[in-house]
Amino acid sequence: MNKIRVRFAPSPTGPLHIGGVRTALYNYLFAKKNNGTFILRIEDTDQTRFVPGAEEYIKKSLTWLGMSPDEGPDQGGEYGPYRQSERKELYARYAEKLVDMGYAYYAFDTPEELDKWREAMTAQGVHSPKYDHSTRLSMNNSLKLGKERALEMINAGVPYVIRLKVPENETIVFNDIVRGTVKFNSNELDDKVILKGDGLPTYHLANIVDDHYMKITHVIRGEEWLSSTAHHVLLYRYLCWDDSKPQFAHLPLLLKPVGKGKLSKRDGAKFGFPVFPLSWNGDNPEDNFTGFKEFGFLPEATINFLALLGWNPGDDREMFEINELIEAFSLDKIVKSGARFNIEKAKWFNQQYLLGKTDKEFVELILPYIENADFEYEKESLLKIAKLMKPRIELLPEIVDKAKFFFTDDFDFEEKIVRKKWKSPNNEHVIEIRNKLEGIENFDKKSIETIIKGYIENNNLSFGNIFPLLRVAVTGTTKGPDLFETMEILGKNKVLSRFDAAFDRFERIVS
RNA sequence: GGCCCGUUCGUCUAGGGGUUAGGACGCCAGGUUUUCAUCCUGGUAGCAGGGGUUCAAAUCCCCUACGGGCUGCCA
């Protein structure tokens, strides 16, 4: 068997959608699993939709996720160039060849004329007018005009496109790895433009030519391409490339978390979760998107989550590092139906990976957020804080709010609990505890625990009446990590001053 | 509208003629804890509907419904 070669072929029209990321992932996994080659090909044949920076964004995204291509615009390779705009002549040559062989023809209908034509047909009750076997002879093309006349026009500079001449009454059959045998009646297929007026190919031609030249063995792409695969099959046949035709695998689409339709870039803003791997700033404010990375997702969690959205290993395992995914991956376990995008599961994965980090690794992960919040810290206490906070964080940025009290006195108090519990004799006891704490020589968690627990027990007090007040006094909140350890990290002076400030505020709250 | 693809707990999925229809997220309850989180235990909830075929259907076939995609000189 030939060496497996797959490509991820995005067009640089904006940030890479998370569905595209999954397509890239499946291509990558399949390539690595089979000791194959993972190729990045930039499909920039639509100059009107070209967005500067999009290609860079795509590469950065792949890098962040650890899926660097083996061949591509940056890596080079034997089959370059890997940007379609740099391969223009190749496509034109094959388009002409198809015309010569009678499998394609020149068409002179302008976009405006086609618009009007479609409009008129629709007015007559035709639902979706097609440029196909039934209409092509009434259009402005070399089939109707004759080749000679067409050539004259072309020589005279009349703009033209080249369209594929789809045969009549033929069943086009192909096999899809995910869906099995798929059939189309050629009469349903339109005469697709394969070479545009600007001399660049459309997706259909460029794709087939490049896949052939790049020796692609498997085309793994989104389901939105299933319908046009019949055209592609025709192209392979006409170009006499049937022998090297790749196998197809069409992936189910990612759907909106609620409601109808596939996941769109607007859903991110709408539901408050990322639909792009990295943040992106477009020309308009509504084209600004926060990425998985900036939301605080780890790349390994993002990958694990995405991998299981439309694929499963065939057993109950769910946690997969990338190398484990490679090991377990196979195309025949890809699911057929679309998957709703559910961010809750993604968060769970992220937490699992966070839990798996060492305290030191966790420090490195939260450090940027700590610094960005202008928190002051000491290296040693950061490690202790990391240990305490790790199981309490789902997304990295949460560290700022949840660990705030370790770094600054500027936090809010949970007033409700103060109102409820800051009264005699609780308040006198809390003040007494503060004073006992002051007497501790060695302010470590053990001593603190002994003092506090001893006091509560000796006075027959209820933990529920005293502890929340201690907590709120020191951290502002009733939730959080071990109080004794928190106090140790804060240090005696800080703890005492927090108590003193808190007592004043408590009085003001209850009065 | 036409064509193509699909439909198992709320969500992601396993299961492909005989299963108490399994797992995970979420949710709920209990345990652990000074609280929260983690962790542990348990629970909740599903084969879209209708016809066939068969001794037996979630599983095979047909129809309907619903969902998705395509229907551009976009990819």
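This passage walks through a predicted model of chain A with RNA strand B.

To get oriented, start with the domains. The domain assignment splits chain A into three: domain 1 is built from two stretches, 1–68 and 252–356, while domain 2 covers 88–195 and domain 3 covers 362–510. Between the C-alpha centres of domain 2 and domain 3 there is a distance of 73 Å.

Next comes the RNA. There are 63 residues around RNA strand B, and those that come nearest are Gly197, Lys260, Ser337, Asn342 and Asp482. Several elements supply at least two residues each to the surface near the strand: helices H4 (111–123), H13 (343–355), H21 (463–475) and H22 (483–490), along with strands E6 (180–185) and E13 (339–340). H13 gives the largest share, with 4 residues. Sorted by class, this surface is a mix of 23 nonpolar, 22 charged and 18 polar residues.

H13 turns up again away from the RNA count, through glutamine 351, which lies in this helix. Glutamine 351 counts as partly exposed because it has 18 C-beta neighbours inside 10 Å, and a residue needs 20 or more to be buried. Glutamine 351 also has a partner far along the chain: glutamate 394 is 43 residues away in sequence, yet the two C-alpha atoms are 4.7 Å apart in space.

Now for how some of the elements are packed. Strand E3 (residues 104–107) is covered on both faces, with Ala104 and Tyr106 buried on one side and Tyr105 and Ala107 buried on the other. That pattern fits a general rule: in a regular strand, side chains alternate between the two faces of the sheet. E3 pairs with strand E4 (residues 161–164) in the antiparallel sense, over 4 bridges. In this pairing, tyrosine 105 stands opposite arginine 163 of E4.

Helix H15 (residues 379–389) tells another story, with Leu382, Ile385, Ala386 and Met389 as its buried residues. These sit on the same side of H15, because they cover an arc of only 105 degrees around the axis. The spacing makes sense in general terms: an α-helix has 3.6 residues a turn, so residues three or four places apart point the same way. The cover over the buried residues of H15 includes helices H14 (359–372), H16 (398–402) and H17 (404–407), as well as H22. H22 is also one of the helices supplying at least two residues of the surface near RNA strand B.

Finally, a few spots in the backbone stand out. As a rule, most residues other than glycine have a negative phi, and most peptide bonds are trans. Two bonds before prolines are cis here. One runs from glycine 80 to proline 81, with omega near -5 degrees, and proline 81 is in the loop between helix H2 (54–64) and helix H3 (88–100). The other joins serine 424 and proline 425, with omega about 5 degrees; proline 425 is in the loop between helix H18 (415–421) and helix H19 (426–438).

Positive phi values crop up too. Cysteine 240 has a phi of about 60 degrees despite not being a glycine, and its place is the loop between helix H8 (229–238) and strand E9 (247–251). Cysteine 240 counts as exposed, since it has 9 C-beta neighbours inside 10 Å. Asparagine 460, also not a glycine, has a positive phi of about 55 degrees and is found in the loop between helix H20 (445–458) and H21. With 6 C-beta neighbours inside 10 Å, asparagine 460 counts as exposed.

Key. Residues are numbered from 1 along each chain as its sequence is written. Chains are lettered from A and ligands numbered from 1 in the order in which they are written. This is a predicted model: local features need pLDDT of at least 70, side-chain atom pairs count only at pLDDT 80 or more; totals for chains, interfaces and linings use all residues. Domain bounds come from an automatic or database domain assignment. A residue is near a molecule or strand if its C-beta atom, placed from the backbone, lies within 6 Å of it. Ala, Val, Leu, Ile, Met, Phe, Trp, Tyr, Cys and Pro count as nonpolar, Asp, Glu, Lys and Arg as charged, and the others, Gly among them, as polar. A residue is buried if 20 or more other C-beta atoms lie within 10 Å of its own, exposed if 12 or fewer, and partly exposed in between; C-beta atoms are placed from the backbone. Two strands pair if DSSP finds at least two bridges between them. The arc is that of the directions from the helix axis to the C-beta atoms. Two residues are in contact if their C-beta atoms, placed from the backbone, lie within 7 Å.
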